[in-house]
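Please work through the exercises below with the sequence and the model side by side, trying each task before reading its solution.

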Amino acid sequence: MDEIPQTISCRCCIVGGGPAGMMLGFLLARAGADTLVLEKHQDFFRDFRGDTIHPSTLEIMDELGLYDEFLKLPHQETRLLKAQVGETELPMADFTHLPTRAKFLAFMPQWDFLDFLARQAKHYPAFRLEMGAEAIGLIVEGERVAGVKVKTAQGSLEARADLMIAADGRSSLVRREARLVPKEFGAPMDVLWFRLSWKEGDPEQTFGRMDGGQILVLINRGTYWQCGYVIPKGTALELKAQGIAALKERVENLAPFLQGRAAELKSFDDVNLLTVAVDRLPLWHKPGLLCIGDAAHAMSPVGGVGINLAIQDAVAAANILAEPLSGAGPVSNELLAQVQKRREWPTKVIQGLQVVIQKRVISRVLAGTGTISPPWFLRLFIRFPVLRCFPAALVGLGIRREHVLSNERLDGTANSASG
Ligand SMILES: Cc1cc2nc3c(=O)[nH]c(=O)nc-3n(C[C@H](O)[C@H](O)[C@H](O)COP(=O)(O)OP(=O)(O)OC[C@H]3O[C@@H](n4cnc5c(N)ncnc54)[C@H](O)[C@@H]3O)c2cc1C
């Protein structure tokens with residue numbers, strides 16, 4: 001006889017404990033809405049895509065009264081973001097003039113950020129987080145998405161909710177099963193992701209270098225460099241066939257101060273392939289389901305803004321949905337449409353810019369061979385420091401900044417599912 005799965009009911013069930021899912025889970029629980037977050041991994045400690053905490057995210061932390069505590073976690077602060085094009089160092093984004101409390105970009109391992117959100121969320125009785133719980137299928141009743149089937153180490157579950165949120169990233173199972181099909185915009189590159197040790201005398205700041213058909217991004221994580229080596233899309237196998245020595249040589253040529261350290265890469269087992277995609281759903285919702293973050297719009301790493309957009313989606317969704325979800329009754333499709341309406345335009349603009357930069361800059365750099373030098377308009381950033389404020393505002397604050405409007409319910413009343 002088939003095992004009868006255990007059923008969990010809640011007002012809102014969020015699939016995916018990444019930046020979008022954890023922030024929304026925290027905000028909804030803070031407003032007293034009975035919320036369950038399902039994360040397929042057992043912990044947050046794994047290689048993520050990106051470590052950047054933007055001034056706008058820090059502003060959200062400030063609005064939540066968590067700013068000082070959050071910044072006690074180990075992090076690096078970057079006030080001036082630089083890129084090296086060929087032999088020329090370009091100061092690209094100056095965050096010191098932003099009209100926010102945090103006038104810097106914080107680099108923090110994403111697991112620390114997610115752990116922090118989980119710890120804060122657990123103060124609210126309306127919050128539940130199930131780690132090692134993977135959504136493997138949707139439960140649909142009539143036209144309405146009513147829940148997900150979940151696989152855990154202890155067996156299978158059904159999580160039923162008045163509202164399901166897909167925050168399960170760029171390969172979202174939930175959006176696929178809900179037959180929500182994204183429009184794809186393409187990306188010319190993938191990223192090889194690996195670590196090399198940090199040593200005394202190394203540059204302090206995170207930076208990127210472009211030259212001779214190659215791009216290397218180095219993120220200072222205190223004791224080691226998190227390296228992102230950008231390769232033309234689909235060429236990972238070709239590179240692998242050349243052996244690890246070829247990758248080491250390229251990295252050492254691009255960042256000579258790493259000379260000798262590339263030996264820390266013993267084989268391609270030490271290197272993760274992160275695939276890059278840019279896509280967006282024409283419709284982010286259907287009855288009983290809303291997609292946010294990369295599940296609604298996969299972001300390119302260009303500009304390092306995907307986490308920021310995911311957080312902004314979560315704040316906007318909580319502003320619109322926290323009150324109805326902390327009451328009883330179904331959440332209307334109109335409310336879900338309001339979330340899309342609020343976040344679609346900023347997403348379109350940022351993705352549009354990412355696609356232009358991918359085509360005009362990244363593709364050209366990757367297709368080149370010889371040493372490159374920056375075009376004239378980028379050289380203007382050296383002569384006119386004021387120009388550095390524009391990329392800083394775009395990267396650091398984004399477009400249509402969200403603010404926390406949902407209230408905190410200190411009694412933490414947990415409302416159970418209406419159905
Ligand atoms: C190579 C690369 C580098 C990047 N670098 C940066 C950067 O430096 N800064 C930046 O801001 N953005 C960066 N981005 C973009 C950024 O990673 C994303 O935009 C951001 O992570 C989106 O957050 P999210 O919460 O929507 O999704 P994700 O971060 O993808 O989180 C989704 C979560 O859902 C979980 N999950 C997936 N499927 C299931 C399931 N079936 N059941 C349960 N849980 C599930 C996953 O384990 C994960 O925890 C980068 C992207 C790439 C490709």
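The exercises that follow concern a predicted model, and each solution goes step by step.

**Exercise 1. Helices H1 and H4**

Task: Determine how helix H1 is oriented relative to helix H4, and list the residues through which the two meet.

Solution: Begin with the geometry: helix H1, residues 19-30, and helix H4, residues 110-121, pack at an angle of about 20 degrees, and their axes are 9 Å apart. Since angles under 35 degrees count as roughly parallel, H1 and H4 are therefore roughly parallel to each other. The next step is the handedness, and here H1 passes H4 in a left-handed crossing. Turning to the residues, H1 contributes Pro-19, Met-22, Met-23 and Phe-26, which meet Gln-110, Phe-113, Leu-114, Leu-117, Ala-118, Gln-120 and Ala-121 of H4. Sorted by class, the residues of this contact of H1 with H4 are nine nonpolar, two polar and no charged.

**Exercise 2. The setting of Ala-121**

Task: Work out where Ala-121 is placed, whether it is buried or exposed, and which residues it touches beyond its neighbours in sequence.

Solution: Ala-121 has its place in helix H4. Its relative accessibility is 0%, and because buried means under 20%, Ala-121 counts as buried. When residues up to four places away in sequence are not counted, Ala-121 touches Phe-26 and Phe-127. As a last step, compare sequence with space: Ala-121 and Leu-24 are 97 residues apart along the chain, while their C-alpha atoms are separated by 9.9 Å.

**Exercise 3. Helix H8 and its two partners**

Task: Describe how helix H8 packs with helix H9, and then how helix H2 packs with H8.

Solution: Take H9 to begin with. Helix H8, residues 306-326, and helix H9, residues 333-367, pack at an angle of about 165 degrees, with 9 Å between their axes. This angle makes H8 roughly antiparallel to H9, because angles over 145 degrees are given that name. H8 passes H9 in a right-handed crossing. The contact involves, among others, Leu-309, Ala-316, Ile-320 and Pro-324 of H8, together with residues of H9 including Leu-336, Val-339, Arg-342 and Ile-350. By class, the contact of H8 with H9 holds 10 nonpolar, three polar and three charged residues.

Now turn to H2. Helix H2, residues 55-63, packs with H8 at an angle of about 35 degrees, and the axes are 9 Å apart. The crossing of H2 and H8 is left-handed. In this contact Ser-56, Thr-57 and Ile-60 of H2 meet Asn-308, Ile-311, Gln-312 and Val-315 of H8. The classes here are three nonpolar, four polar and no charged residues for the contact of H2 with H8.

**Exercise 4. Cysteines and disulfides**

Task: State how many disulfides the model has, and explain why Cys-10 forms no such bond.

Solution: A disulfide is a covalent bond between the sulfur atoms of two cysteines. The cut-off to apply is that the two sulfur atoms lie within 2.5 Å, and by this rule the count comes to zero disulfides. For Cys-10, the closest cysteine sulfur is that of Cys-13, and at 4.9 Å it is too far for a bond. Cys-10 lies in strand E1, residues 6-15, and is buried, with a relative accessible area of 0%. Cys-291 is likewise in no disulfide, and its nearest cysteine sulfur, in Cys-12, is 12 Å away. Cys-291 counts as buried at 0% relative accessibility.

**Exercise 5. The buried residues of H7**

Task: Identify which residues of helix H7 are buried, and which elements they pack against.

Solution: Within helix H7, residues 244-254, the buried residues are Ile-244, Ala-246, Leu-247, Val-251, Glu-252 and Leu-254. The buried residues of H7 pack against strands E13 (189-197), E14 (207-211), E15 (214-220) and E16 (224-232), and against helix H6 (236-241).

**Exercise 6. Two arginines with positive phi**

Task: Locate Arg-179 and Arg-400, and give the phi angle and exposure of each.

Solution: Most residues other than glycine have a negative phi. Arg-179 has a positive phi, near 60 degrees, and is found in the loop between helix H5 (173-177) and strand E12 (183-184). At 71% relative accessibility, Arg-179 counts as exposed. Arg-400 has a positive phi near 55 degrees and lies in the segment after helix H11 (389-396). With 32% relative accessibility, Arg-400 counts as partly exposed.

Terms used: Residues numbered from 1 in each chain as written. Predicted model: local features only at pLDDT ≥ 70, side-chain atom pairs only at ≥ 80, totals over all residues. Heavy atoms only, no water. Axes fitted to C-alpha atoms, helices over the stretch in contact; angles between N-to-C directions. Helix = DSSP H or I, 4+ residues; strand = E, 2+ residues; numbered from the N terminus. Parallel < 35°, antiparallel > 145°, perpendicular 65-115°, else oblique. Left-handed = near helix turned anticlockwise from the far one by under 90°. Contact = heavy atoms within 4.5 Å. Nonpolar A, V, L, I, M, F, W, Y, C, P; charged D, E, K, R; others polar. Buried < 20%, exposed > 50% of the residue type's maximum accessible area, 1.4 Å probe, protein only.
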